[in-house]
Amino acid sequence: NTDKVVTLIDECRDMRLHILPPDVNSCEYAFTVHDDSTVLYGLGAIKGVGAAAIESMLASRAQHGPFTDLFDFCRRIDLRKANRRVLEALVRAGAMDSLGQSRATLMASLTAATHRAEAYLRDHATGQDDLFGGLVSAVRESSAHDAHAAHYVQMAEWGEEQRLTGEKETLGLYLTGHPIARYEQELMAFTSSRIVDLKPSRDQTVVIAGLVVAMRTMISRKGDRIAFITLDDRSGRIELAVFSEPFRQYRNLLVKDKLLIVAGTVSVDEYSGGFKMSAEKLYDIDQARETYAQRLVIGIEQPRAGNGFIASLAHVLKPFCEGGCPVWVDYHAVNARAQVALGQEWRVHPTDELLHRLKQLAGHDRVRVIY
């Protein structure tokens with residue numbers, strides 16, 4: 001039951017118990033105890049992976065030992081029970097990380113691995129191993145590592161967002177990270193508190209950020225639609241009430257798994273004894289960045305300023321113009337340094353996509369938003 005698993009894992013974290021990710025080489029069907037402070041994830045809790053497929057894996061592992069790589073894994077399990085959809089779920093859940101390749105490479109290599117396994121099974125079924133079976137098996141095993149490695153389709157590793165999305169879809173939760181983590185330093189610039197540190201604010205507005213982990217809507221006594229949202233920022237959770245007017249204004253932002261920045265007031269929840277919050281304004285990360293940013297600064301070293309760099313910079317900025325955020329160029333030469341503010345026509349919407357493209361062009365540490 002995924003909902004119960006999410007709740008129990010949150011409780012484990014509160015108790016400082018470690019949850020090791022699912023692993024085809026060490027985990028069982030159910031959750032198991034590794035030591036006094038560590039729990040091994042149950043393979044049966046991966047969405048889309050049935051009991052028959054897991055039993056096939058566990059039987060092979062018990063009889064022949066750990067799987068050495070993806071090709072060995074596909075050759076040794078029953079692919080009629082563990083089809084392509086099952087294998088993809090195992091990769092996205094991180095259950096094949098111990099096979100020595102990135103998740104992107106494993107996913108790209110599934111076709112080659114399954115074709116190779118099917119060819120092996122056909123050879124075996126037609127008796128090609130019979131005459132010199134022992135010798136053939138020995139030769140195969142001795143050369144397996146080199147042969148299998150040559151057939152991997154090498155790919156650049158997935159970004160954190162894609163990795164975590166895969167975990168959320170197969171496990172029901174973010175296990176090896178949290179989508180809010182990459183924004184934490186930035187969020188400190190325009191939030192006034194973490195959820196765990198909130199205090200009743202009465203008439204004073206506070207600003208927090210969090211991921212929408214649960215949401216329900218209802219009709220008020222006046223006939224207006226309102227929403228109650230649970231926000232999570234890794235430090236804690238709080239229920240957020242979005243009443244009729246904010247609901248009408250911001251309803252397009254009220255989406256599960258979305259990062260929201262919320263301005264509102266905090267009060268005591270008499271029912272639970274904790275705190276609750278009433279929303280006045282809501283932003284997604286792009287809107288909050290544009291609201292609170294003073295400027296976007298791009299660092300350029302003199303050697304990189306030539307070879308069409310300026311034209312490339314203009315090409316990257318242009319689709320994001322007509323925004324409200326000024327753009328400055330921080331130029332470094334051998335004997336001089338200057339900060340140049342670009343004209344009004346180059347004000348931009350400082351979205352995630354723009355920052356990503358600028359970092360690819362200028363360097364990851366050369367792009368920053370000043371608040």
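Let's start with Arg-225, which is partly exposed in this predicted model, with a relative accessible area of 38%. You'll find Arg-225 in strand β5, which covers residues 225–232. From there we can look at the barrel that β5 belongs to, then an open sheet, a nonpolar core and a couple of residues with an unusual backbone angle.

**Arg-225 and its surroundings**

- Which residues does Arg-225 touch, not counting those up to four places away in sequence? They are Thr-217, Met-218, Ile-219, Ser-244, Phe-247 and Arg-251.
- Take Phe-247 from that list: Arg-225 and Phe-247 are 22 residues apart in sequence, but their C-alpha atoms are 7.3 Å apart in space.
- Why does Arg-225 count as partly exposed? Its relative accessible area is 38%, and the partly exposed class sits between the buried limit of 20% and the exposed limit of 50%.

**The closed barrel**

- Five strands make a closed barrel here, and you can trace them in the order β4-β5-β6-β8-β7, with mixed pairing.
- On average, neighbouring strands of this barrel sheet are turned by 50 degrees against each other, if you ignore direction.
- Strands β7 (residues 259–268) and β8 (residues 275–283) run antiparallel and are joined by 8 bridges.
- Two spots along that pairing are handy to look up: Ala-263 stands opposite Lys-281 in β8, and Val-268 has Phe-275 of β8 as its bridge partner.
- The hairpin of β7 and β8 has 6 residues between the strands, and in it Gly-273 takes a positive phi near 85 degrees.
- Strand β6 (residues 237–242) also pairs with β8, but here the two strands run parallel, with 3 bridges between them.
- In this parallel pairing, look for Ala-241, which stands opposite Ser-278 in β8.
- Helix α11 (residues 285–292) lies across β4 (206–219), β7 and β8, and runs at about 75 degrees to β8.

**The open sheet**

- There is also an open sheet of 4 strands, and its order is β12-β11-β9-β13, again with mixed pairing.
- Which strands sit at the edges? They are β12 (337–341) and β13 (367–370), each of which pairs on one side only.
- Neighbouring strands of this open sheet are turned by 25 degrees against each other on average, direction ignored.
- Strand β9 (residues 295–301) runs antiparallel to β13, and 4 bridges join the two.
- One of the residues to find there is Ile-298, whose bridge partner in β13 is Val-367.
- Helix α12 (residues 309–317) lies across β9 and β11 (327–332), at about 160 degrees to β9.
- Helix α13 (residues 352–362) lies across β9 and β13, at about 15 degrees to β9.

**The largest nonpolar core**

- In soluble globular proteins, nonpolar side chains tend to be buried together.
- In this model, the largest nonpolar core has 46 residues, and the members that touch the most others are Met-57, Phe-73 and Leu-90.
- At least two core residues come from each of α1 (2–14), β3 (38–40), α2 (51–64), α3 (70–76), α4 (84–93), α5 (103–108) and α6 (110–125).
- Helix α4 gives the largest share of this core, with 6 residues.
- What does Leu-90 contact, once its neighbours within four places in sequence are left aside? The list is Val-24, Ile-46, Val-49, Met-57, Phe-73, Ala-95 and Met-96.

**How α4 and α6 pack**

- Helices α4 and α6 pack at an angle of about 130 degrees, and their axes are 11 Å apart.
- The two helices are therefore oblique to each other, since 130 degrees lies outside the ranges for roughly parallel, roughly perpendicular and roughly antiparallel.
- The crossing of α4 past α6 is right-handed.
- Arg-84, Leu-87 and Glu-88 of α4 make the contact, together with Leu-110, Thr-111 and Thr-114 of α6.

**Two residues with positive phi**

- Most residues other than glycine have a negative phi.
- Asp-257 isn't a glycine, yet its phi is positive, at about 75 degrees.
- Asp-257 sits in the loop between α10 (244–250) and β7, and counts as partly exposed at 31% relative accessibility.
- Glu-322 is another residue other than glycine with a positive phi, near 70 degrees.
- Glu-322 lies in strand β10 (residues 321–325).
- Is Glu-322 buried or exposed? Glu-322 is exposed, because its relative accessible area is 75% and the cut-off for exposed is over 50%.

Methods: Residues numbered from 1 in each chain as written. Predicted model: local features only at pLDDT ≥ 70, side-chain atom pairs only at ≥ 80, totals over all residues. Heavy atoms only, no water. Core = buried A, V, L, I, M, F, W, Y, C linked by side-chain atoms within 4.5 Å. Buried < 20%, exposed > 50% of the residue type's maximum accessible area, 1.4 Å probe, protein only. Contact = heavy atoms within 4.5 Å. Pairing = 2+ DSSP bridges. Axes fitted to C-alpha atoms, helices over the stretch in contact; angles between N-to-C directions. Parallel < 35°, antiparallel > 145°, perpendicular 65-115°, else oblique. Left-handed = near helix turned anticlockwise from the far one by under 90°.
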